[in-house]
Amino acid sequence: MKGGKLIIFSAPSGSGKTTIVKHLLKQPELNLAFSISATSRPRRGEEKHGEHYYFMDLSEFKQHIKEDNFLEWEEVYRDNFYGTLKSEVERLWAEGKNVIFDIDVVGGLRIKKKFPEQTLAVFVKPPSVDELKIRLKKRSTESEDKINMRVAKASVELATAPQFDRIIKNYDLEVALEEAHQLVADFVGVTPKAT
Ligand code: 5GP
């Protein structure tokens, strides 16, 4: 596999990385396309198959693992598998796009290792674990149990931050969005347009 640039945004759940990735996708000069991951977790709210994720059951996911169809995959939470299909990245590279990922820290670092030169790996840091919990509660898309599971995982994930190329502190969203825009523009070699 060879192709364009890869831009990874990883962070604990609730850090705001999805908001940052969505903002970057709206900037035409960056020429980005979102890597739609496969997952075995159930659909949430308004999520659509083939837009937010490729939703599949556990047996289908495991079949893809067997056939070596993933660039990386992780059991991010128990029985909830997530992975990047090689075919997805190849599809977007064929369109001449730079590919942007919203994936967990382990998956992010795995892709960086596979494509060290082509990849910018960014870690989004929340102000604190307590603040994360507040944000996840506000989002109210998960049960209390699931929120606690995500918060427990956050401390482990925060420890991986130094392994990333860059860390963006998401204390003030506007500042974080601007910083992310500049960073990605530099990496893909364009001048960021004002938003
Ligand atoms: P959520 O269930 O909130 O959509 O995602 C849970 C976590 O899985 C998030 O940290 C998200 O970034 C991560 N994730 C989503 N897609 C992938 C993927 O393809 N690979 C890996 N390793 N993690 C992913």
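Which strand gives the most to the shell around the ligand? The question is taken up here with a predicted model. The overall fold comes before the binding site.

The protein contains 7 helices and 9 strands. Its radius of gyration is 16 Å, close to the 16 Å that the globule rule gives for 195 residues, so the protein is as compact as a globular protein of that length. The C-alpha trace spans about 45 × 40 × 30 Å along its principal axes.

The ligand sits in the largest pocket. Two elements each give two or more residues to the shell around it: strand 5 (70–77) and strand 6 (80–85). Strand 5 gives the most, with 4 residues. That answers the opening question.

In total, 17 residues surround the ligand. The closest are Ser37, Arg41, Tyr53, Tyr82 and Asp104. Sorted by class, the shell holds 8 charged, 5 nonpolar and 4 polar residues.

Several side chains make polar contacts with the ligand. Asp104, one of the closest residues, places a side-chain N or O atom 2.7 Å from a ligand nitrogen atom. Glu72 also has a polar side-chain atom 2.7 Å from a nitrogen atom of the ligand. Thr84 faces an oxygen atom instead: an N or O atom in the Thr84 side chain is 3.3 Å from an oxygen atom of the ligand. On its own, the ligand has 510 Å² of accessible area, and the protein covers 95% of that area.

Definitions and conventions
Residues are numbered from 1 along each chain as its sequence is written. This is a predicted model: local features need pLDDT of at least 70, side-chain atom pairs count only at pLDDT 80 or more; totals for chains, interfaces and linings use all residues. Side-chain values use heavy atoms; hydrogens and water are left out. A residue is near a molecule or strand if one of its heavy atoms lies within 4 Å of it. A polar contact is a pair of N or O atoms within 3.5 Å; within protein, one must be able to donate a hydrogen and the other to accept it, and residues adjacent in sequence count only if both atoms are side-chain atoms. Accessible areas come from the Shrake-Rupley method with a 1.4 Å probe; for residues, only the protein chains shown count as cover. On a 1 Å grid over the protein atoms alone, a cavity is a set of points where a 1.4 Å probe fits but cannot get out, and a pocket is an open set with protein on both sides within 12 Å along at least five of seven lines; lining residues have an atom within 4 Å of a point. A molecule sits in a cavity or pocket if more than half of its atoms lie within 2 Å of its grid points. Ala, Val, Leu, Ile, Met, Phe, Trp, Tyr, Cys and Pro count as nonpolar, Asp, Glu, Lys and Arg as charged, and the others, Gly among them, as polar. The radius of gyration is taken over C-alpha atoms; the globule rule is 2.2 Å times the number of residues to the power 0.38.
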